[in-house]
Amino acid sequence: MEDGYQNKTAFIKGAKDIAKEVKRQAAKKVGRGVDKMTDEYSKRSYARFEEDDDDDYPGVPGGQDGGYYRGDSQAANDDEGGHSDSTEGHDEDDEIYEGEYQGIPRTDSGKAADGLAGGDGQQFRDMAQLEGERRKDQEELAQQYETILQECGHGKFQWTLYFVLGLALMADGVEIFVVGFVLPSAEKDMCLSEESKGMLGLIVYLGMMVGAFVWGGLADRIGRRQSLLICLSINSVFSFFSSFVQGYSTFLFCRLLSGVGIGGSIPIVFSYYSEFLAQEKRGEHLSWLCMFWMIGGIYASAMAWAIIPHYGWSFQMGSAYQFHSWRVFVLVCAFPSVAAIASLTTMPESPRFFLENGKHDEGWMILKQVHDTNMRAKGHPEKVFSVTTIKTVKQMDELVDMGGEISTLRRYKLKLTSLFQQVRSNFLAIFNPEYRRTTFMMMAVWFTMSFSYYGLTVWFPDMIKYIQKQEYASRTKFFTKERVEHVTFNFTLENQVHRQGQYFNDKFINLKMKSMVFEDSVFEECYFEDITSSRSFFRNCTFVSTLFYNTDFFQNRIINSKLVNSTFLHNKEGCLLDFTDDNNAYMIYFVSFLGTLAVLPGNIVSALLMDKIGRLRMLAGSSVISCVSCFFLSFGSTESGMIALLCLFGGISIASWNALDVLTVELYPSDKRTTAFGFLNALCKLAAVLGISIFQSFVGITKAVPILFAAGALAAGSFLALKLPETRGQVLQ
């Protein structure tokens, strides 16, 4: 009898398992509509079995009958019931179905969207319905969020965030100038060829291009604050390392990664700050924020002016390790980024980001913090944050929790894959029909603005240096067939050309040679000691019984010359700094300082008028005036004239950039804002690389081509800007 009862138990369990398997398979093929049918089938099968159990298993007591085995059978039934309940609960809710380990949501889960299990057509309909619901939620959230920001007011919290994010924007401005300022010194310190110098000048733009695209996409998925902290940390670390590394390749690598880090600052900073600003304050205060980019340029120019020409601020350990003043400058330029990181840790995440991602409580707490901070600062601490519920956007689950069934490495791999897919889909979404025209128009405007602005701002200093070289060359002194005997030279020799000279028993001791050229000359029984030279050469010369002691006359300084009984002792090793451009270096820093400071009036005007005349009028008007100003470049034939034109162009064009930044923030919804801004900013850096490369190739050749290129690009940009939608007075999408 006991064996019979066990057989009955096994049979019942088997029947239940079969019924559940039928239910699961039916749900996969037909959908949730079959659940009731399979439940009824299971109940009826079990009932029929219970009715027939006395006949099938004679001698086994059923249901409520008492008997000999009541105690044991009750225990057995309890155990079986516990096991069955556990199994049933696991089958219905917890069991991992085929594909769940790949991160695909269960088709029978009610958490995402009911009815996703019913075929491909039904899935597409449900996804479209869910997307429509999300869009409706986003529209409702945008309206409610604007009302909440009005209640929170504009005060201490926004101004605190203004200075914190300003430091991050300042770090971006510094990064643009660093390589240009250190290049004249670094090229001598690292023995750089012309090709290497060109790569070093462009590598920062390439890094920023990659960084803008990557961090812009990630900020829409992992948060503005977290992304900004990561990219600033990368910039700080590799800026610090770049000041100490000795080799050219490692320095190039560090500056590349430093650029990748800082590349995300502009798209994240503007998106982040805009989500704390009410409609009537947004254009003005985003324009005020742009001033920190100018402050970054001023900081870099001032530090370069104060540090780099001081060659005494250096030390070296033999010839293997050298730490010159330009490396001190690179180190100091990392300070704004470090300060931004320290300040940003005290600020919260964007509440709009939380609400867009379904995190109601987190978003509400931050908005309450904004409200309370502003009210206390205004002397109204008794005012209570009246908002109790905020609309959140319906979420589409991208990854199902795997429990403990897979390894940690596998879990992180799946999460990274899912994150990549989310960023990719978000990027492709800005080319959907709804945003396609806007995106292509913005691409054209960003490209033309960047091509002309960066091309001209680099062309100006190059033209100034070209003019300086022309003036310097015009003051060169020429000496021919001179004969010098028994003379000691212990003073600086500069900007001279000696041809067919004869020098007998002369001494050159403890001096600097700057731009000295000796051609077809003879040096007999001469003595050179403690010589530092720059741009000085001996061509087709003959040295007889001449001693060189502690000089830097390398093979590239003595060209096609004969050495007869001549000796080199204790030659200076490695590449040395060029001392020729002491005054020129000061002039370059001063010009950059003036050019950066000249944008101050444009920043003030754009901030005051942005919300009054609108973004499009500001953008198009400033572009047209900048286009007209380009034609004045043909009159810049002197150094002072070129500096004045540089300041004029920079002061006018900055208003276009401010309007373009505000417009980009407001044209895209919150869940795509930094992705779109990052992509457009990456395109901007690509245009900058092209503009710099093209404009530099015409330095000293012609002014007409750069002027026509710049004017044409600005004219096209201003025309296309007028085709964009005006965003003044609209709530933040």
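User: What volume does the largest cavity have?

Analyst: Happy to help! In this predicted model, the largest cavity has a volume of about 240 Å³. The residues closest to its centre are Ile266, Trp293, Tyr454, Trp657 and Asp661, out of 16 that line the cavity.

User: What makes this space a cavity, and how many are there in the whole structure?

Analyst: A cavity is a place where a 1.4 Å probe fits but cannot get out. A search of the whole structure finds 3 of them with a volume of 30 Å³ or more.

User: Which helix gives the most to the lining of the largest cavity?

Analyst: That is H22, with 4 residues. Helices H6, H10, H18, H22 and H23 each supply at least two residues of the lining. By type, the lining residues divide into 11 nonpolar, 2 polar and 3 charged.

User: Why is Ile652 called buried?

Analyst: Buried means under 20% relative accessible area. Ile652 has 19%, so Ile652 is buried. Ile652 is found in helix H22, residues 639–667.

User: How do you know what Ile652 touches?

Analyst: Contact means heavy atoms within 4.5 Å. Leaving aside residues up to four places away in sequence, Ile652 touches Ser622, Ile625, Ser626 and Ser629.

User: Why is H23 described as largely enclosed by the rest of the structure?

Analyst: In H23, 19 of the 24 residues are buried, so the helix is largely enclosed by the rest of the structure. H23 covers residues 673–696 and reaches 34 Å from its first C-alpha to its last, close to the 34 Å expected at 1.5 Å a residue.

Key: Residues numbered from 1 in each chain as written. Predicted model: local features only at pLDDT ≥ 70, side-chain atom pairs only at ≥ 80, totals over all residues. Heavy atoms only, no water. Expected span 1.5 Å × (residues − 1). Buried < 20%, exposed > 50% of the residue type's maximum accessible area, 1.4 Å probe, protein only. 1 Å grid on protein atoms, 1.4 Å probe; cavity = no way out; pocket = protein on both sides within 12 Å on 5 of 7 lines; lining within 4 Å. Points joined across faces, edges and corners; volume = space filled by probe spheres on them. Nonpolar A, V, L, I, M, F, W, Y, C, P; charged D, E, K, R; others polar.
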